[in-house]
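Here are some short exercises, each followed by a worked solution. Have the viewer open and try each task before reading on.

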Amino acid sequence: MTEMGNTLQQQLLDILGQEVACIEELFDVLHREQEALALRDADALEAVVAEKQTMIGRLERLQRDRLALMDEGDYGHDNDGMAALVAAAPEALSGDLTAAWRQFEERLEQCQFQNQINGQVLDATARQTRQALSLLLGGGGTDTELYNRDGAKTAPSGTRSYAKV
């Protein structure tokens, strides 16, 4: 292995460490986003969304740096490329690279899962808001779902408005 290769692999290890740290921060931000959504705290949500966008921008820059290094070493951008890079690394560095890559993938998966949860909370809140508005404006909206004694969906009866607009 050449000195340049060792340097490339060490640089990649450093970037992976930065990516993992950034992803862990993003995970914390996603938890705060979920709390803000659950509390319907618009101010907290606005702040956390701005922080999330900053973290995502940082992750994108780190990813570009990582991919540029992999290009420099003529490695693919996928798991096979990472496996080839690890295989070419000195033994002392290959274990650290493998561990960092696994940690990166695991933390990224956790963030993706938390983001999906947040999306579901947001969708449910939006649906509830549409249903409440539909009821207040006469109940004729298609978003209002009512059920009879048997659990079957029924259309809302009448177009009576419960609020003045």
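Where is the place of Arg 40? Arg 40 sits in the loop between H1 and H2; helices here are DSSP runs of H or I with at least four residues, strands are runs of E with at least two, and both are numbered from the N terminus.

Before going further, a word on the ground rules. This is a predicted model, where local features need pLDDT of at least 70 and side-chain atom pairs count only at pLDDT 80 or more, while totals for chains, interfaces and linings use all residues. Residues are numbered from 1 along each chain as its sequence is written, and side-chain values use heavy atoms, with hydrogens and water left out.

**Exercise 1. Check the confidence of the model.**

Step 1. Start with pLDDT, the predictor's confidence in each residue, from 0 to 100. Its mean for the protein is 85, and 81% of the residues reach 70 or more.

Step 2. Look for the extremes. Confidence is highest in H2, at 96, and lowest in strand S1 (residues 146–147), at a mean of 60. Where pLDDT is low, the predicted coordinates should not be read in detail.

**Exercise 2. Describe the two loop residues with positive phi.**

Step 1. Return to Arg 40, a residue other than glycine whose phi is positive, near 55°. Arg 40 counts as exposed because its relative accessible area is 51%; the classes are buried under 20%, exposed over 50% and partly exposed in between, with a 1.4 Å probe and protein chains only.

Step 2. Move on to Asp 74, in the loop between H2 and H3. Asp 74 is not a glycine, yet has a positive phi of about 65°. With 70% relative accessibility, Asp 74 is exposed.

**Exercise 3. Work out the surroundings of His 77.**

Step 1. Locate the residue: His 77 belongs to the loop between helix H2 (42–72) and helix H3 (79–88). Its relative accessible area is 42%, so His 77 is partly exposed.

Step 2. List contacts, meaning heavy atoms within 4.5 Å. Leaving aside residues up to four places away in sequence, His 77 touches Leu 67, Met 70 and Asp 71. For Leu 67, 10 residues apart from His 77 along the chain, the C-alpha separation is 6.3 Å.

Step 3. Examine Asp 71. Its side chain and that of His 77 are joined by a polar contact of 2.6 Å (a pair of N or O atoms within 3.5 Å; within protein, one must be able to donate a hydrogen and the other to accept it, and residues adjacent in sequence count only if both atoms are side-chain atoms).

**Exercise 4. Find the aromatic pair and characterise it.**

Step 1. Set the criteria: rings of Phe, Tyr and Trp (its six-membered ring) pair if their centres lie within 6.5 Å, and planes under 30 degrees apart count as stacked, over 60 as edge-to-face and the rest as tilted. Searching the whole structure gives one aromatic pair. Trp 101 and Phe 104 form this pair, stacked at 5.2 Å centre to centre with 25° between the planes.

Step 2. Place the partners. Both are in helix H4 (residues 91–136), three residues apart, about one turn of the helix. Trp 101 and Phe 104 are both buried.

Step 3. Follow Phe 104 outwards. Not counting residues up to four places away in sequence, Phe 104 touches Leu 16, Glu 19, Val 20, Ile 23 and Arg 66.

**Exercise 5. Explain why Cys 22 and Cys 111 are not bonded.**

Step 1. Apply the cut-off: a disulfide is a pair of cysteine sulfur atoms within 2.5 Å. The structure holds zero disulfides.

Step 2. Find the reason. The closest cysteine sulfur to that of Cys 22 is in Cys 111, 8.9 Å away, so the two are too far apart for a bond.

Step 3. Add the burial: Cys 22 is buried at 0% relative accessible area, and Cys 111 is buried at 5% relative accessibility.

**Exercise 6. Map the largest nonpolar core.**

Step 1. A nonpolar core is a set of buried Ala, Val, Leu, Ile, Met, Phe, Trp, Tyr and Cys residues joined through side-chain atoms within 4.5 Å. The largest has 28 residues, and those with the most contacts inside it are Leu 12, Leu 16, Met 82, Leu 85 and Leu 97.

Step 2. Assign the contributions. At least two residues of this core come from each of H1, H2, H3 and H4, and H1 gives the most, with 11 residues.

Step 3. Inspect Leu 12. Among the residues that Leu 12 touches are Met 82, Leu 85 and Leu 97.
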